[in-house]
Amino acid sequence: MPEIKFYKKDNIPMEMHKVKIVQQLTLLPTKDRLVKIREAGYNTFKLHNGDIFMDMLTDSGVNAMSDNMQSAMLRADDAYAGSETFYRMNKKLTELFGIEYFLPAHQGRACENILAMRFVKRDSYAVMNYHFTTAKAHITRLGGLVEELVKEEGLVSKSDLPFKGDIDLVRLENFIKEKGRENISFLRIEAGTNLIGGQPISYENMRQATNIAKKYNIVTVLDASLLQDNLYFIKTREESMKDKSIKEILRMISDLFDIIYFSGRKFGFARGGGILVRDEEMFHSMEDLVPMFEGFLTYGGMSVKEMEAMTVGFDESIEFDVISQGPQFIKYAVDELDKYGVPMITPGGGLGAHIDAKEFLNHIPQEEYPAGALACAMYICGGIRGMERGTLSEERNRDGSERLASMELLRLAFPRRVFTLSQTEYVIDRVKWLYDHRDLVGGLRFIHEPKTLRFFTGILEPIGDWPERLAKAYIEEFGLDQ
Ligand SMILES: Cc1ncc(COP(=O)(O)O)c(C=O)c1O
């Protein structure tokens, strides 16, 4: 479909679907939200969904399903082994990616576990544009190291670079030469680079990076969890690709890699995941890990209903009218906030609108987790749940010292086909209010700090009584019932 144009307005993102099933939302009064965030240990992962107005924590497993996805669920074939649902899913993946061998897994991190167990050795390096939390945790759990080689410009908040997820090719080759290819477990390229603002990587950069890896006989892995956004950006931002269909671009990307894994909670809009493996021998070398950790090889821990929905979801993940929705709504929010002066990660990427919390709350030292504090403030001021993507989401260094994140972000995710434009306007409005009252926000500290993936389960407390003072100012502005 062509992009819909307005007569009197510019740049209004348009929903290319209509709503058929709804979930009622409630907005708790501010004083109740203050209690809820305290009970959640100032960790937005620990809030109950019923206490949230706008859940912008993630796009994982919370994208809206289409009528076609839902109806496909009815034909799910339940069998412990040999489910026809699995063969339909495998066939669709082979058609799209051109890879025959497929290992199902219950979600993206399960694929990361399997890949780490197969390839990571103590003190070996997994080289990547940028890490994702769970990918890194599985690598470091096995004694491996992560080397991030995203181009320096990728870590600059305000930019107009179209592909901030690109890897630095010179550093990549130098790193391989310096460490020796035998000390490299694999090259991992993450499409739609999550932790630096959902920023895409160009096809050309993927091509050159995988060529370098091949020259040194290093296994190439694509994390395709956020590929749908990345496909949209390649089509709309990479000049040499603009005449290719999304399906063609997908296939060209796929042809570059030995292994492609994905979270089906994102790519496929359902709940599950899997690993595509080009080489038969390599596939067999990982096969036994699936029944051991996931489930039998024809379901891998997934519900067959979800697998059927996902099989339709794969086709929707390469439909332009579907995959353009997220980036267009995100661009709208990012541009509006940027115009107001809020420090945003620009240009808007996929996945969500990202606020530079280091800049937003520049009076809070990074050791006091400004992005975590901003996530709590956003919940108090509007019932909006975002996700901290900064120092809290890092693991400590081997010597126990704090590893300060290169980007300290609050992510406001836009689950696909879920929120309307007026809801988006509400979020923009509340971020603006918070920006104007940012001096009221203070830092956080841990009172219970888990060793691994501490952002999921850690318990924190505010430094000082800033949540109460912030809530008071918010109530003065909007009234008791908001
Ligand atoms: C880029 C990327 N890789 C891997 C994962 C892990 O996937 P899952 O949440 O299904 O375990 C995610 C999830 O957010 C992701 O964004």
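Two residues are in contact here if their C-beta atoms, placed from the backbone, lie within 7 Å. The exercises below concern a predicted model, and each is followed by a worked solution.

**Exercise 1. Place K92 in the structure, and state which residues K92 touches once residues up to four places away in sequence are left out.**

Solution. Begin with the element: K92 is found in helix 3, which covers residues 84-97. Next, apply the contact criterion, which shows that K92 touches T311 and F314 when residues up to four places away in sequence are not counted. Then consider the surroundings: a residue is partly exposed when its count falls between the limit of 12 or fewer for exposed and the limit of 20 or more for buried, and K92 is partly exposed because 18 other C-beta atoms lie within 10 Å. Finally, for a distance across the model, the C-alpha atoms of K92 and I447, which are 355 residues apart along the chain, are separated by 48 Å.

**Exercise 2. Describe the open sheet of seven strands, giving its order, its edges and its twist.**

Solution. The first step is the order, which reads 2-8-7-6-5-3-4 with mixed pairing. From there the edges follow as strand 2 (101-105) and strand 4 (145-148), each of which pairs on one side only. From one strand to the next, the twist averages 20 degrees. A closer look at one pair shows that strand 6 (residues 220-223) and strand 7 (residues 259-263) run parallel and are joined by three bridges, and that L222 stands opposite I260 in strand 7. To finish, add the helix that covers part of this sheet: helix 10 (residues 280-287) lies across strand 2 and strand 8 (273-277), and runs at about 25 degrees to strand 2.

**Exercise 3. Describe the open sheet of three strands in the corresponding way, and identify the bridge partner of M387.**

Solution. The order of this sheet is 9-12-11, and the pairing is antiparallel. Its edge strands are strand 9 and strand 11 (387-389), each pairing on one side only, while the twist averages 30 degrees from one strand to the next. Turning to a single pair, strand 11 and strand 12 are linked in the antiparallel sense over three bridges, and within strand 12 the residue that partners M387 is R411.

**Exercise 4. State how the protein chain is divided into domains, and characterise the side of domain 1 that touches domain 2.**

Solution. The division gives domain 1 (30-59 + 325-478) and domain 2 (67-321), with centres, taken over C-alpha atoms, that are 28 Å apart. At the interface, 23 residues of domain 1 are in contact with 23 residues of domain 2. The elements that give two or more residues to the domain 1 side are helix 14 (325-340) and strand 9 (352-356), of which strand 9 gives the most, with three residues. Sorted by class, that side of domain 1 has eight nonpolar, nine polar and six charged residues.

**Exercise 5. Find which residues come nearest to the ligand, and give the classes of the shell around the ligand.**

Solution. There are 14 residues around the ligand, and of these Q107, G108, R109, S225 and S263 come nearest. By class, the shell divides into two nonpolar, eight polar and four charged residues.

**Exercise 6. Examine the backbone at P347, F269 and R417, and decide whether F269 and R417 are buried or partly exposed.**

Solution. As background, most residues other than glycine have a negative phi, and most peptide bonds are trans. Against this, T346 and P347 are joined by a cis peptide bond, with omega about -5 degrees, and P347 has its place in the loop between helix 14 and strand 9.

For F269, which is not a glycine, phi is positive and near 55 degrees, and the residue is located in the loop between strand 7 and strand 8. F269 is buried because 27 other C-beta atoms lie within 10 Å.

R417 is likewise not a glycine, and its phi is positive at about 65 degrees. R417 is found in the loop between strand 12 (409-413) and helix 17 (421-436), and it is partly exposed because 19 other C-beta atoms lie within 10 Å.

Definitions and conventions: Residues are numbered from 1 along each chain as its sequence is written. This is a predicted model: local features need pLDDT of at least 70, side-chain atom pairs count only at pLDDT 80 or more; totals for chains, interfaces and linings use all residues. Two strands pair if DSSP finds at least two bridges between them. Helices (H or I, at least four residues) and strands (E, at least two) are DSSP runs, numbered from the N terminus. Axes are lines fitted to C-alpha atoms, for helices over the stretch in contact, and angles run from 0 to 180 degrees between N-to-C directions. Domain bounds come from an automatic or database domain assignment. Ala, Val, Leu, Ile, Met, Phe, Trp, Tyr, Cys and Pro count as nonpolar, Asp, Glu, Lys and Arg as charged, and the others, Gly among them, as polar. A residue is near a molecule or strand if its C-beta atom, placed from the backbone, lies within 6 Å of it.
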